[in-house]
Amino acid sequence: MLALSSMVATRICIVEDEEPIAEVLQYNLTKEGFDVEVERRGDVALEAIRRQPPDLILLDLMLPGIDGLEVTRALRRDSSTAGIPIVMLTARGEEVDRIVGLELGADDYIPKPFSPREVVLRVKAVLRRARGADGNAPDEDGGGEQHEVAGIRLDVPAHRLYVRGDEVPLTATEFRLLKLMMERSGRVQTRSRLLSDVWGYAEDVDSRTVDTHIRRLRRKLGPEAERIETVIGVGYRLRP
């Protein structure tokens, strides 16, 4: 559980046009000590987020103005907002949109209907991944830890990835996934193991989430993409 002192300054932006849902989410997150603001239009939310970036965004897909996928796309293109964790709120029938959302850079999704408690737990889990396992910011965690495999170098304290000398931006979840695979270089990681160790709630996340994040990592690794090998029927391995 995040310490209260770290939660007091944690700002969450809920982007949800259904007032009853927004009110329930705001109430439960505020009760947990978060500073919560609510936006009900995608275009207005995008402006507000750029003006004062929050620590995490709870983002509905179906929004007036511009939809959640467009909001995600715009945020990930902007260097000032590219690293903000995004948790999407989706209807159960929107499976394709969920996958597209993950491809665009969402860190997680929560299907509707959901329990407020589930949302709180998911939010805390994503924030832990973003800040490091002990709840500190990434640049305060890991001492001088560096991971290097061929042309891939991960600077853990600075939370930076370099591919053949060029810096490549990663979301918090992508960073955690790559760090784990580099630490276990040469060993096969099953999808269920990755779900448990990276996401922390294997019972709630399906294997397509892992596959989607692996595809994103490969794109970002560019000339080193083939180092992430698919072990058919099992999972993935980072080749030393």
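**Confidence, a buried threonine and some backbone turns**

Ala-150 is partly exposed, because its relative accessible area of 44% falls between the limits of 20% and 50% that separate buried from exposed residues. This alanine sits in the loop that joins strand S6 (146-149) to strand S7 (152-155), and its phi is positive, at about 50°, although it is not a glycine. Arg-164 likewise has a positive phi of about 50° without being a glycine, and its place is the loop between strand S8 (160-163) and strand S9 (166-168). Arg-164 counts as exposed, because its relative accessibility is 54%.

These descriptions come from a predicted model, so it helps to ask where confidence is lowest and where it is highest in the protein. The mean pLDDT is 86, and 86% of the residues reach 70 or more; the lowest mean, 44, belongs to helix H1 (residues 4-8), while the highest, 98, belongs to strand S1 (residues 11-15). The pLDDT is below 50 over residues 1-8, a stretch that has 15 contacts in the model beyond near neighbours in sequence, and it is also below 50 over residues 133-143, where 19 such contacts are found. Where pLDDT is low, the predicted coordinates should not be read in detail.

Thr-72, in helix H4 (residues 68-77), counts as buried because its relative accessibility is 0%. Its side chain reaches the backbone oxygen of Gly-68 at 2.9 Å, and, leaving aside neighbours within four places in sequence, Thr-72 is in contact with Leu-59, Ile-86, Met-88, Leu-104, Gly-105 and Ala-106.

Finally, Pro-113 lies in the loop between strand S5 (108-112) and helix H6 (116-131), and the peptide bond that leads to Pro-113 from Lys-112 is cis, with omega near -5°.

Notes
Residues are numbered from 1 along each chain as its sequence is written. This is a predicted model: local features need pLDDT of at least 70, side-chain atom pairs count only at pLDDT 80 or more; totals for chains, interfaces and linings use all residues. Side-chain values use heavy atoms; hydrogens and water are left out. pLDDT is the predictor's confidence in each residue, from 0 to 100. Helices (H or I, at least four residues) and strands (E, at least two) are DSSP runs, numbered from the N terminus. Contact means heavy atoms within 4.5 Å. Buried means under 20% relative accessible area, exposed over 50%, partly exposed in between (1.4 Å probe, protein chains only). A polar contact is a pair of N or O atoms within 3.5 Å; within protein, one must be able to donate a hydrogen and the other to accept it, and residues adjacent in sequence count only if both atoms are side-chain atoms.
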